[in-house]
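Here are my notes on the model you sent over. I've kept them as numbered points so you can follow along in the viewer.

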Amino acid sequence: MEFLGEILTFGIDTVIFAICLRQYIHCRNAIKAIQNVELHDVGADLENLVNNTHNKIDYIAVRGLVKPLGEPLQSIDKKNVLGVIQKLSVKEHVIARTSAGFWSDQKRTMQKVYNVVPFALKNGFYYAEVIDPLSANILDLDVISNHYEPIVPTIFDHLWGFLTGIRQRGLQTTEKMLRVDSVITVIGELSKSETKSGMLTLQPPLNGSPFYITSMSITALIRKIDDHRRMYRLVCIICGAVGLLIGGTVIRRYWKDKERKRTAEELRRNLETSRRERRQRVRDADLRADQMCVICNTNAREIILLPCGHVCICEDCSSSINDNCPICRTRITQKAAAYII
Ligand SMILES: [Zn+2]
Ligand SMILES: [Zn+2]
């Protein structure tokens, strides 16, 4: 393949472009959706609003205090901290040799565990239960603890690292929680609970709008998503420019190649014609019958046929005689110019 490198780069570029474009559109739609959303505190007003809209609001922002519906989760590291969502993760810090031969710092998630208990947003006597919190597009959790333990390498580790291209540096364990009694905003679908009377439920919207559980204000959330949107837009522009550049280079090279072949063919044809004309001019017009080509009876005999060795045709006729010698019918394996002085 002539343009394999370019096609591969173009393919990777297109994939990155497509992913970023998708994310960009997602962010843009999310911002549009959140900008139009109404913010309400859990309470009597919200209950009335739900009752007046056939027990369901497709997209709304609801603010309240986090309360567990049952026993809360206890932090592993700080026993006095209680929460409703707990995320435990172990990351390995390594220095890995990249394909370019350099060593670079990398983090690899070795384990990630979520613990969740049912919880609701509370305000006074009013509750709104949050369903399926882990499917939220943004889920803000507080960092409860973050420990890093460096690994002291032995000589064996150094040798092993050199051979495998990975050197371990340390382990990072992190605990994050959604704390009890923290104020959060949930943006999603609100409806009356079918199972628990008097309870509202907040869940991921069925119409595909993003679901957010955040401690940020709505403006801060929009700003955060807008930052992502800008980043994806920048990557899209860069990838688009790279794609155009590669496409342009390939087309230019293909065009030049074609042009070069065309010029070479034209030159070859011109040479052929001029050679033929020159030969025509120097031909002897006064030939004996046994000196004339047996095919056209006009030009001199100029070509020797091998293996039989007959010199019986001119160069013009030789282009149409390829199979057998016209004199002895021997199969022709080769033709060459014959110079008879
Ligand atoms: Zn001839
Ligand atoms: Zn022959």
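1. A word on terms before the membrane span: helices here are DSSP runs of H or I with at least four residues, and strands are runs of E with at least two, numbered from the N terminus. On that basis, residues 231-251 come out as 100% helix and 0% strand, with 30 Å between the C-alpha atoms at the two ends. This is the stretch that UniProt, in an unreviewed entry, lists as "transmembrane region". Keep in mind throughout that we're looking at a predicted model.

2. Now the overall picture. The protein chain has five helices and 16 strands. Its C-alpha trace spans about 125 × 65 × 35 Å along the principal axes. The radius of gyration is 41 Å, whereas a compact globule of 341 residues would be near 20 Å. As for burial, 18% of the 341 residues count as buried.

3. Start at the N-terminal end with helix 1, residues 4-35. This helix has 32 residues and covers 46 Å from first C-alpha to last, close to the 46 Å you'd expect at 1.5 Å a residue. Which residues of helix 1 are buried? Asp13, Cys20, Cys27 and Ala30 are.

4. Next comes a β-α-β unit. Strand 1, helix 2 (residues 44-52) and strand 2 make up this unit, and it is right-handed. Strand 1 (residues 39-41) pairs with strand 2 (residues 56-68) in the parallel sense, over three bridges. If you want a pair to click on, Asp41 has Arg63 in strand 2 as its bridge partner.

5. While you're there, look at Glu47, which sits in helix 2. Is Glu47 buried or partly exposed? It has 15 other C-beta atoms within 10 Å, so Glu47 is partly exposed; the cut-off for buried is 20 or more. Glu47 and Tyr126 are 79 residues apart along the chain, yet 8.5 Å separates their C-alpha atoms.

6. Strand 2 has further partners. With strand 11 (residues 183-192) it runs antiparallel, joined by eight bridges; Ile60 is partnered there by Gly188. Strand 6 (residues 119-123) is also antiparallel to strand 2, with four bridges between them. In that pairing, Pro68 stands opposite Phe119. As a reminder, strands of a sheet pair through backbone hydrogen bonds, either parallel or antiparallel.

7. On to the RING-type domain. UniProt lists residues 293-329 under "domain: RING-type", again in an unreviewed entry. The model makes this span 11% helix and 19% strand, and its end C-alpha atoms lie 16 Å apart.

8. There's a small sheet to look at too. Three strands form it, open and antiparallel, in the order 15-14-16. Strand 15 (311-313) and strand 16 (334-337) are the edge strands; each has a single partner, so one side of each is left without a neighbour in the sheet. The twist from one strand to the next averages 45°. Strand 14 (residues 303-306) and strand 16 run antiparallel and are joined by four bridges, and Ile304 has Ala336 as its bridge partner in strand 16.

9. A few backbone oddities deserve a second look. Most residues other than glycine have a negative phi, and most peptide bonds are trans. Where is the cis peptide bond? It runs from Leu306 to Pro307, with omega near 10°, and Pro307 lies in the loop between strand 14 and strand 15.

10. Two non-glycine residues with positive phi round this off. Asp181 has a phi of about 75° and is found in the loop between strand 10 (166-179) and strand 11. Asp181 has 12 C-beta neighbours inside 10 Å, so it counts as exposed, the cut-off being 12 or fewer. Asn297 has a phi of about 55° and belongs to the loop between helix 4 (218-282) and strand 14. Asn297 counts as exposed too, because it has 10 C-beta neighbours inside 10 Å.

Notes
Residues numbered from 1 in each chain as written. Chains lettered and ligands numbered in written order. Predicted model: local features only at pLDDT ≥ 70, side-chain atom pairs only at ≥ 80, totals over all residues. UniProt positions renumbered as here; feature names shortened; annotations may be inferred. Pairing = 2+ DSSP bridges. Axes fitted to C-alpha atoms, helices over the stretch in contact; angles between N-to-C directions. Right-handed = clockwise from strand over helix to strand, strands pointing away. Expected span 1.5 Å × (residues − 1). Rg over C-alpha atoms; globule rule 2.2 N^0.38 Å.
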